[in-house]
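User: Could you take a close look at one part of this model for me, and then show how it fits into the rest of the chain around it? I'd enjoy a connected walk-through.

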Protein chains: 2
Amino acid sequence: MKTAGIPAPAVRRLSLYLRELESIWRTDQRTVSSKQLGDALKLTPTQIRKDLAYFGQFGQAGIGYDVEELITRIRRILGTDRTWNVLLVGAGNLGMALSAYRGFAKKGFKLVAVFDDDPSKIGKTLSGAPGLHIQPVSAIPAMVKEKDIRLAIIAVPAESAQGVASILVSAGVRGLLNFAPVNLDVAGNVAVSAVDLAVQLEQLSFQVGAGV
Amino acid sequence: MKTAGIPAPAVRRLSLYLRELESIWRTDQRTVSSKQLGDALKLTPTQIRKDLAYFGQFGQAGIGYDVEELITRIRRILGTDRTWNVLLVGAGNLGMALSAYRGFAKKGFKLVAVFDDDPSKIGKTLSGAPGLHIQPVSAIPAMVKEKDIRLAIIAVPAESAQGVASILVSAGVRGLLNFAPVNLDVAGNVAVSAVDLAVQLEQLSFQVGAGV
């Protein structure tokens with residue numbers, strides 16, 4: 001599939017369509033119109049049809065979309081119709097919560113290794129990932145190779161994040177979910193998704209302060 | 001300050017400028033050019049000057065920006081020159097991690113109450129917030145009034161999130177940081193910032209699968 005040139009917001013909305021479709025599926029509804037999807041997500045039906053059109057032909061005029069088929073196809077587009085082995089660097093509070101977060105596994109992301117350079121943590125396990133013994137960061141390259149890992153979650157303090165990112169990328173990881181509050185400098189063929197929790201609250205404080 | 005009509009991406013970048021300026025400040029550098037800021041953030045100097053121009057006059061030609069002054073002014077614009085009382089709903093793994101996350105306090109967000117409807121949790125405390133006894137969701141309205149709370153963090157399962165959001169908004173909360181994987185339906189004068197961790201990984205899997 002040709003994906004170059006597809007706007008990032010359209011890909012992001014694909015995730016939202018999928019989430020909504022999965023919730024519709026759980027109510028035993030089997031077809032859905034772009035209008036119904038749009039109402040639920042506060043988007044126009046035109047926007048939804050336009051986004052989906054980047055990826056092929058979907059739905060039938062007058063009937064709408066087959067929910068199951070659309071779920072299957074969006075999962076294939078997003079690459080979550082397979083299981084991804086994911087590693088986590090950082091076994092602090094945030095790392096612990098992330099390891100216990102069941103939403104990842106539901107989407108096909110399987111945590112297969114946890115790393116931290118705190119000597120007091122190495123060899124122990126996180127309560128959310130009881131089978132995974134925490135390993136030193138120096139063990140990353142071997143593990144990436146052994147488990148064919150392409151995605152990693154960075155949950156280390158700001159000052160360690162760039163070093164960790166460089167090790168991950170050298171080892172062959174191609175997608176980083178970064179929770180550290182710093183901008184990572186990585187090669188252009190590495191995808192980075194950043195979640196800075198304080199920045200999220202800061203944006204809310206701006207909007208609330210401005211009376212939205 | 002007039003903030004209507006300022007594009008959301010400009011406000012978002014303001015947070016990134018602030019983060020970078022704070023990091024420059026820690027290196028004892030006292031002035032910075034839009035070029036240096038741009039290089040660090042992979043933005044053009046023009047973009048930075050344009051974003052800042054929405055909020056007033058900044059910097060001096062040939063000298064650049066006074067780092068401390070720019071930090072002060074951006075904090076004021078974002079509303080983080082004051083302390084915000086924040087409440088957390090959801091005392092599971094994610095709630096526990098969020099309560100222990102020191103990045104919030106650094107930005108002026110003070111966690112003042114934790115709520116959960118699990119009877120086994122009520123009255124206990126989270127390790128990250130030892131002084132805050134977990135209260136039932138029914139106690140939210142009184143607490144919002146007592147502590148003048150405008151911002152809340154929702155870290156409950158998907159199926160409880162809308163109910164919690166409605167209670168918060170009725171109580172007077174005006175900004176929601178939502179970690180539940182659902183779209184919240186709230187009044188137009190309520191700001192919602194959503195962090196769906198699985199969606200973040202899904203977007204990475206798309207990019208990695210597509211070879212970025």
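Analyst: Happy to! A word on terms before we start: helices and strands here are DSSP runs, a helix having at least four residues and a strand at least two, numbered from the N terminus. Please also keep in mind that this is a predicted model.

Let's begin with a glycine. Gly128(B) sits in the loop that links strand 5 (125-126) to strand 6 (129-133) of chain B. Is Gly128(B) buried or exposed? A residue needs 20 or more other C-beta atoms within 10 Å to be buried, and 12 or fewer to be exposed. Gly128(B) has 18 C-beta neighbours inside 10 Å, so it counts as partly exposed. Leaving aside residues up to four places away in sequence, Gly128(B) touches Met96(B), Ser99(B) and Ala100(B), and also Asn93(A). Ser23(B), by contrast, is 105 residues away in sequence from Gly128(B), with 25 Å between their C-alpha atoms.

That contact with Asn93(A) leads us to the interface. Here 50 residues of chain B are in contact with 50 residues of chain A. Several elements of chain B each supply at least two residues to this side, including helix 1 (8-26), helix 5 (93-100) and strand 9 (191-194). The largest share, 13 residues, comes from helix 9 of chain B. By class, the side of chain B that touches chain A has 27 nonpolar, 16 polar and seven charged residues.

Strand 9 also takes us to the sheet. Five strands of chain B form an open, parallel sheet in the order 4-3-7-8-9. Strand 4 (109-115) and strand 9 of chain B are at the edges with a single partner strand each, so one side of each has no neighbour in the sheet. From one strand to the next, the twist averages 20 degrees. Strand 8 and strand 9 of chain B run parallel and are joined by four bridges, and Leu177(B) stands opposite Ser193(B) of strand 9.

Two helices cover parts of this sheet. Helix 7 (residues 140-147) of chain B lies across strand 3 (84-89) and strand 4, at about 155 degrees to strand 4. Helix 8 (residues 158-171) of chain B touches strand 3, strand 7 (151-154) and strand 8, and its direction makes about 170 degrees with that of strand 7.

Lastly, helix 2 (residues 34-41) of chain B, which also supplies residues to the interface, packs against helix 3 (residues 45-53) of chain B at about 110 degrees, with their axes 8 Å apart. That angle makes the two helices roughly perpendicular.

How values were computed:
Residues are numbered from 1 along each chain as its sequence is written. Chains are lettered from A and ligands numbered from 1 in the order in which they are written. This is a predicted model: local features need pLDDT of at least 70, side-chain atom pairs count only at pLDDT 80 or more; totals for chains, interfaces and linings use all residues. Axes are lines fitted to C-alpha atoms, for helices over the stretch in contact, and angles run from 0 to 180 degrees between N-to-C directions. Angles under 35 degrees count as roughly parallel, over 145 as roughly antiparallel, 65 to 115 as roughly perpendicular and the rest as oblique. Two residues are in contact if their C-beta atoms, placed from the backbone, lie within 7 Å. Ala, Val, Leu, Ile, Met, Phe, Trp, Tyr, Cys and Pro count as nonpolar, Asp, Glu, Lys and Arg as charged, and the others, Gly among them, as polar. Two strands pair if DSSP finds at least two bridges between them.
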